[in-house]
Amino acid sequence: MGAIVAAGLLSHVPSIMLPEDERKARYGGRDTTFPRALQDIYRQRIQPAAFDTFLIFDTHWCTTRGFVVNTQERLRGVYTSDELPSLIHDLAFDYRGDKALGEAIAQQAGKVKLRCEGADYQGMPLHYPTLNLMHYLNPEGRHRVLSIGVCQTAPHERNLDFGDAVGRAIEASDRRVIILAAGGLSHQFWSYDDMAQHASPDPNHIFNETNRAYDEMIIDFLNKGDHAAVIDIVPEYRSKCAPEGFFAHYSMLAGALGGRFCKAAATQYGAYESAIGTGQAMLWFPL
């Protein structure tokens with residue numbers, strides 16, 4: 001019988017892949033707290049845990065018709081970001097995938113009439129939310145990696161349903177799994193002309209006060225383990241604050257953890273930060 005042993009709602013901001021001196025240069029002398037946060041999560045949470053697979057809801061992998069699961073048995077290649085090539089380039093990776101669990105998730109989703117397909121094709125890419133987090137949390141490649149996309153047409157309710165299917169597939173498997181919702185909070189960027197003035201992790205540089213207020217409210221609810229409150233405000237949050245990936249990464253995570261019945265309180269690592277206007281945080285849910 002399988003189990004979800006822990007989960008995280010984790011930022012994947014590209015700056016974490018830069019050397020410290022370069023990060024500080026880009027941030028006007030101030031460093032982001034996120035590299036240290038991920039190092040602490042790895043040391044305190046990952047290394048002591050007994051598990052098989054990282055399952056990652058990746059907000060940069062957008063699908064359209066339905067949910068897609070990467071069912072490749074080997075994830076190997078060299079990655080350069082087409083969005084920010086100077087920040088992430090020539091990144092070699094080599095991980096075991098989890099074809100068996102991926103196919104089980106697709107089958108379970110199909111049983112509840114959700115459109116979901118497994119994808120085991122040459123050229124299937126990985127995206128940097130998956131790769132950045134694995135760089136820190138799976139540095140020796142000891143754990144399997146199962147990446148799942150965000151369906152850009154799915155409403156909050158279907159994301160919860162799909163997350164529930166993920167949780168049921170894990171429970172019926174022989175896998176012990178850590179789920180990572182790889183994405184940020186509010187996701188509005190400063191314009192090209194204004195961006196340089198806001199190159200700081202200080203939350204005073206969040207795009208607007210509404211976004212910051214919703215981000216901080218959600219963080220507070222999650223720190224208290226009040227997932228029901230977050231689930232209730234996701235539709236409003238999606239319409240007002242343009243959260244990254246439609247906040248589907250959280251909705252799917254919440255569905256996998258029991259939905260409104262989940263009471264897992266987050267431990268926050270690092271600070272609530274801005275990344276050129278977007279809201280970012282590192283929240284870990286011990287289960």
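Me: Why is Ser147 called buried?

Reply: Its relative accessible area is 2%, and buried means under 20%, exposed over 50% and partly exposed in between (1.4 Å probe, protein chains only). Since 2% is under 20%, Ser147 counts as buried. Do keep in mind that this is a predicted model, where local features need pLDDT of at least 70, side-chain atom pairs count only at pLDDT 80 or more, and totals for chains, interfaces and linings use all residues. Residues are numbered from 1 along each chain as its sequence is written, and side-chain values use heavy atoms, with hydrogens and water left out.

Me: Where does Ser147 lie, and how do you know what it is in contact with?

Reply: Ser147 is part of strand 7 (residues 144-151); helices (H or I, at least four residues) and strands (E, at least two) are DSSP runs, numbered from the N terminus. Contact means heavy atoms within 4.5 Å. Setting aside neighbours within four places in sequence, Ser147 touches Ile56, Asp58, Trp61, Val69, Asn70, Leu126 and Thr130. The C-alpha atoms of Ser147 and Thr71 are 8.4 Å apart, with their places 76 residues apart along the chain.

Me: What makes Arg30 and Asp202 a salt bridge?

Reply: The rule asks for a side-chain nitrogen of Lys or Arg within 4 Å of a carboxyl oxygen of Asp or Glu. Here the N to O distance is 3.4 Å, so the pair qualifies. Arg30 sits in the loop between helix 1 (20-26) and helix 2 (34-46), and Asp202 in the loop between strand 8 (176-182) and helix 6 (209-223), so the bridge ties together parts 172 residues apart in sequence. By the rule there are 20 salt bridges.

Me: How do you know that Arg36 is exposed or buried, and which residue does it bridge to?

Reply: Arg36 has a relative accessible area of 55%, so it is exposed. Its salt bridge is with Asp40, at 3.0 Å between the closest N and O atoms. Asp40, at 12% relative accessibility, counts as buried. The two are 4 residues apart in helix 2, which means about one helical turn separates them.

Me: What makes Asp161 and Arg158 another such pair?

Reply: Their closest N and O atoms are 2.9 Å apart. They are 3 residues apart in helix 5, again about one helical turn. Asp161 at 33% and Arg158 at 36% both count as partly exposed. Elsewhere, salt bridges that share partners join Arg36, Asp40 and Arg43 into one network.

Me: Why is helix 5 called oblique to helix 8?

Reply: Helix 5 (residues 156-172) and helix 8 (residues 248-256) pack at about 45°, with axes 6 Å apart. Axes are lines fitted to C-alpha atoms, for helices over the stretch in contact, and angles run from 0 to 180 degrees between N-to-C directions. Angles under 35 degrees count as roughly parallel, over 145 as roughly antiparallel, 65 to 115 as roughly perpendicular and the rest as oblique. An angle of about 45° falls in the rest, so helix 5 is oblique to helix 8.

Me: And why is helix 7 called oblique to helix 8?

Reply: Helix 7 (residues 227-241) and helix 8 pack at about 140°, with axes 11 Å apart. That angle is neither over 145 nor within 65 to 115, so the two helices are oblique to each other.
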